[in-house]
Each structure stands twice: as C-alpha cells, then as structure tokens.
Amino acid sequence: MTSTITTTVTTTVTSTITTTVTTTVTSTVTTILPEALELAIDIKPINRTVNGTQGIFNPVVFNVTNIGNVPAENITLIPIVPEGWEYKTALVSFLNVSETVNRTIFVKPPYGVTGQYVIPVKAVIGNFTADMDYFYMNVIKAVNLSVLEIIEAPKTVPLLPNKNVTISILIKNIGKLPLTDIKGRLENAELCIEEFNFETVPYMEPNETRRAYFNILTTNHPTKCDSTLILWSKENAYAFTDMTITITPPPPLIPAIMKVNLLLLLLIFLTILYVAKKSEEKRIRRGRRMRMTGRQKILKIILYLILSIIIFFLIYIGFSHVGFPRFF
C-alpha cells in the first residue's frame, strides 16, 4: 500500500542589507507502508445452471480461490436452500495464497418440487462470511432413477507416512437401471495424500452389490484430513461418504517411559550388580576363587556386561506388560 504525504517547509533568509526574503517550499514525500494482511476468498460455480432430480442428492461443483495475501483455513461452503430441502456442505481445510481448488456441495429437493430455483452459497470461515455466490437448479420429476449407494466404508483411516495403501468399500445399485463406468474422487485430502487412484467399476446391474477399491499414497508428514469420498456413474448417479484420514508417525521400537520408571529400573539394575559383587567377595574370602588369567578376566567382564543388559531388558519388558509402579 502506497501513501503520499505532502509537507510545507517555510524558510527565512536575512541578507546584510536588512532585506528579509521569505520563500515557501512545498515538497512531496512518498512513503511505502507495509501491505496490510488481507483474507479474501472467491467462490464461483463451475456451471451457473444445473439440472437436479427431486428426492436425491444432486452435486454442484464450486471453484474456491484464495485472492487474499494470507493463507486461509477451514473454509466451509454452505448452500442456503428452501425449506424442506436437504444439503451437504463442503470443506477446504487449507488454501494457500493464489491457490484454487474444487469442492462439491450436494442439495436434495423434496418430492413434489419442480421448476427453477436460485440457490445462494456462502463461504464461511468461523463466524465470518468470506464470500457468497449462487447457482440455478432446474428440478425435474424423479422417473426411473439411477441411484448408487455406499453401504460400507471406513469412517476413520489411520495410516503411516509415505505408504501406498489399498482400501475397499461396499457399494450397491439401488436404482431401477444399470450403472456403468463408476468412478471416484477424494475431496479435501490434499494435505494427506500424494496420489489417489480409484479402480473403475465398469458395470452394475440393478440391486447388485459389489466391492470397489481405491489406492492412496500418503504424504510424509503427520496430519489429519476430514475428507469426502465421492462416487459417480456415467448416468450421473452420485454417492458420498465422509472419511477422516489420519497420518501418524510410526511408534518407537522401545516405548517411552516416565523418568520415575526409568529411575526404578536403574535402581533394580544397580541392586543386581551390588548383589553379584558381594557374592564374588564372599567367594574370595572363603578361598573358593581360582586364579584367573588376564584373558579369563576380560571374558568374565564381557559375560557380566551381556548378562546385565539381558536382565535390564527383561525387567523393562516385564514392567511394560504389567505396568510400571507409580509413585506420584
């Protein structure tokens, strides 16, 4: 942001002949101020007018762009539907400056509704409405519907970083017509997955149930994504389900223990060494100890060290299974 500041400077010059000359100098100073941080979102429907069928959820895809100069988080697209309609919102968890993504909302007109409707959609961040736009929906009667349903799908998918995983879901054709070329996509999972590949289902008879599979390659950092799995057929039969993907780091090879528990293990370990030392001193006093060479002494020290490590880990594993005593 650039601001212009005008200043007036008056100077007085006195000569030796007692003549006073007053001059006014006007100068323009241009000051460059830091650009103000601004959060601004722009949403637009991919198609301004869409066709919809009464009694089913109809998809409407919106383009979401960050036109501000700061990243935006948790942008929710909310359609404002007439009374009696149902809808599903869409979420953008993170949107960088100048970045654009597509999100799909769904609206379901009730049976008995036909004609054209104007549906406003607002982009909300917290309690702040960042932008608003609209689309037209031409609602037609439901005749010989093509309907797809997701019967089984995991609600939560815990995964490790940088892993290639195949996930299965159970789908069903609950309409009266066959479905062909069924595809899928995962929205709002950009922070969790590098690649997504849905295995196309070529054909489904009415009332047929079958497994569908998709493959994802996770990112290499821990995060969480509240995503939506969307399926559709060539006949525009849509189905969706919410799915939370969680990327967690692998567990450590040795579980972490509290400082108090570690101190307890060390005390037990030192006690064992102390008892072993006292036993050795007893044998020396009773004259039962045989004279050993230097090599035998070294081997004995190594043996004691190995035995001590084994005992230490046995105690640790035992407490890991039955629980460590807690003093606080």
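In what order do the five strands of the open sheet lie? This is a predicted model, and in it the order reads β4-β11-β10-β6-β8, with mixed pairing. Look next at the two edges of the sheet: β4 (49–53) and β8 (90–95) each have a single partner strand, so one side of each is left without a neighbour in the sheet. As you step from one strand to the next, the twist averages 30°.

Now let us look inside that sheet. Strand β10 (residues 115–125) and strand β11 (residues 128–140) run antiparallel, and eleven bridges join them. To find one of these links for yourself, start at Ala123, whose bridge partner in β11 is Asp131.

Further along the chain, strand β15 (residues 179–187) contains Asp181. Is this residue buried or exposed? Asp181 is partly exposed, because its relative accessible area is 30%, a value between the 20% limit for buried and the 50% limit for exposed. Leaving aside residues up to four places away in sequence, Asp181 touches Thr200, Val201 and Pro202, as well as Trp232, Ser233 and Lys234. Its C-alpha atom is separated by 6.3 Å from that of Tyr203, which lies 22 residues away along the chain.

Our last stop is the one disulfide that the structure holds. Here Cys192 is joined to Cys225, with an S to S distance of 2.1 Å. The torsion about this S-S bond is about 105°, so the disulfide is right-handed. The pair links distant parts of the chain, 33 residues apart: Cys192 sits in the loop between β15 and β16 (193–198), while Cys225 belongs to strand β19 (residues 223–232). Both Cys192 and Cys225 are buried.

Methods. Residues numbered from 1 in each chain as written. Predicted model: local features only at pLDDT ≥ 70, side-chain atom pairs only at ≥ 80, totals over all residues. Heavy atoms only, no water. Pairing = 2+ DSSP bridges. Helix = DSSP H or I, 4+ residues; strand = E, 2+ residues; numbered from the N terminus. Axes fitted to C-alpha atoms, helices over the stretch in contact; angles between N-to-C directions. Buried < 20%, exposed > 50% of the residue type's maximum accessible area, 1.4 Å probe, protein only. Contact = heavy atoms within 4.5 Å. Disulfide = S-S within 2.5 Å.
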